[in-house]
Structure formats: structure tokens, C-alpha cells
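This report looks at nonpolar side chains, on the surface and inside. Have the coordinates open as you read.

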Amino acid sequence: MTDLKNRRPLQSRKSGWANRITAFLAERAITPNQISQASIAAALLAGLAFWMTAYADSTNLKGALLILAALACQLRLLCNLFDGMVAIEAGKSAPDGPFWNEFPDRIADIIIFIGIGFGLGSPTLGFAAATCAVLTAYTRELGASIGLAPDFSGPMAKQHRMATVTLAAVLAVFEQHFLPQGTILTVALWVVIIGSIVTVGRRANHIRASLLGG
């Protein structure tokens, strides 16, 4: 959940399917905070699925785990969409909504990227991606904390990170036919790391320019 000032602009909020699901959730005893908390469960499922690919004893099992991880990453994003819509559009916001809007996201990023790293046998790379992901959010919140408008610019904002790993997970199902195992997800982690560094640099530059009146 979030307030309007710090709300990420999303075109999907205007879609009919999103509004129908929001209405469905709002009519039930489901709070926006619970939806935010569910995003951690989705991230945990994704992270564990990625991690368990290291122990899969067949191509079919590994493929199933990768598809499960991809779906769970998208479920995480859906939770991020509907917590805000149930809070704002359906009028069910709570005083502690801003906390639950941000805190689960940081945990989710960490779990997913560390899970990928361990699944690849390269935990350091996973920790690096997780650190960079959290740093992008920190830079956005730094600007907001000193009175600037939240900067959701990319190229590696949350939705871009999840799109990258989701696509990589799906492609990795087929990589045994043309690439060494783990290549695609390794490249995806590097894309997230490099893209996040660029994102942090852009956001930091925007903060500095705004403070200098540029």
C-alpha cells in the first residue's frame, strides 16, 4: 500500500481486468497489508524454486522449477499492484500501509536474487544483484526523504528487474539445447547488476541536480 505522492505510475491500474480483481478482493476480508505480505511468500517461492534447480536430477524437473519461479516472480508483481489498488481505489488503506508497501519489496528482491545465485552455484553474484536492487530503492527513498518527488526511473526499476529474471527463467528452460547450463540466468544477474548501477547513477544525479536547482 502507498500514498498517492509516493505511488509508482502504472498503466495496468487502468485496465479492466485489474479493476475487476481489485473489486473482488475489496469485497472480501482481505486487507492491502495482507496482499503486501503475500508478496514475500511469492518471492520466497520464487527464490526457493531458483535455488532448487541446483538439485534437480532431471531436465523436466529443472524446467518445472524454472517455470514455477517465473510465475512466482510475476505473482510478486501482482501483489505489488493490488495492494495499492485495494488501498487507494477501494478505499481500504491503513495507517501502517506505507511501511508494508516498501518493506516487503526489499525482502522480496533479496530472496529472489540470492535464490538465483545459489541455484547457479554463484551466491556472490546473487548477493551482488540483491545489493544493487536494494540500492536502487534506497536512492529513490533518499530523494523522497528530502522532499523531492519519488524517482521511479530505470533502466532497472522493480518491474524491469522482475521482467528480466522472468524472461531469463523461461528461456533457461530451453538453454540445454544451445547453451551451457546456467548461462542465461548468469547473464540476467549481470544485466540486473549493471542496469541497477546505471539506475542508481541516474537517480542520484537527479537528486543532486534538483538540490542545485538544475
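A nonpolar surface patch is formed by I67, L71, V170, F174, F178 and L179, with about 550 Å² of accessible area together. Patch members have over 30% relative accessible area and no salt bridge, and nonpolar side chains are joined within 5 Å. Areas follow the Shrake-Rupley method with a 1.4 Å probe. A salt bridge puts a side-chain nitrogen of Lys or Arg within 4 Å of a carboxyl oxygen of Asp or Glu.

This is a predicted model: local features need pLDDT of at least 70, and side-chain atom pairs count only at pLDDT 80 or more. Numbering starts from 1 along each chain, and side-chain values use heavy atoms, without hydrogens and water.

Two residues show both ends of the exposure scale (buried under 20% relative accessible area, exposed over 50%, partly exposed in between).

| Residue | Helix | Relative accessible area |
|---|---|---|
| L71 | α3 | 58%, exposed |
| A18 | α1 (residues 16–26) | 0%, buried |

Helices are DSSP runs of H or I, at least four residues.

The largest nonpolar core (buried nonpolar residues joined through side-chain atoms within 4.5 Å) has 34 residues. F50, I112, F113 and I116 have the most contacts inside it. Helix α3 gives the most to this core, with seven residues. Another core, of eight residues, lies apart from it and includes A18, L25, L81 and F82.

Contact means heavy atoms within 4.5 Å. Beyond four places in sequence, A18 touches S12, L81, F82 and M85. F50, on that count, meets residues including L66, C73, I112 and L185.

Technical notes. Buried < 20%, exposed > 50% of the residue type's maximum accessible area, 1.4 Å probe, protein only. Helix = DSSP H or I, 4+ residues; strand = E, 2+ residues; numbered from the N terminus. Patch = residues over 30% accessible without salt bridge, like charges linked within 9 Å, V, L, I, M, F, W, Y side chains within 5 Å.
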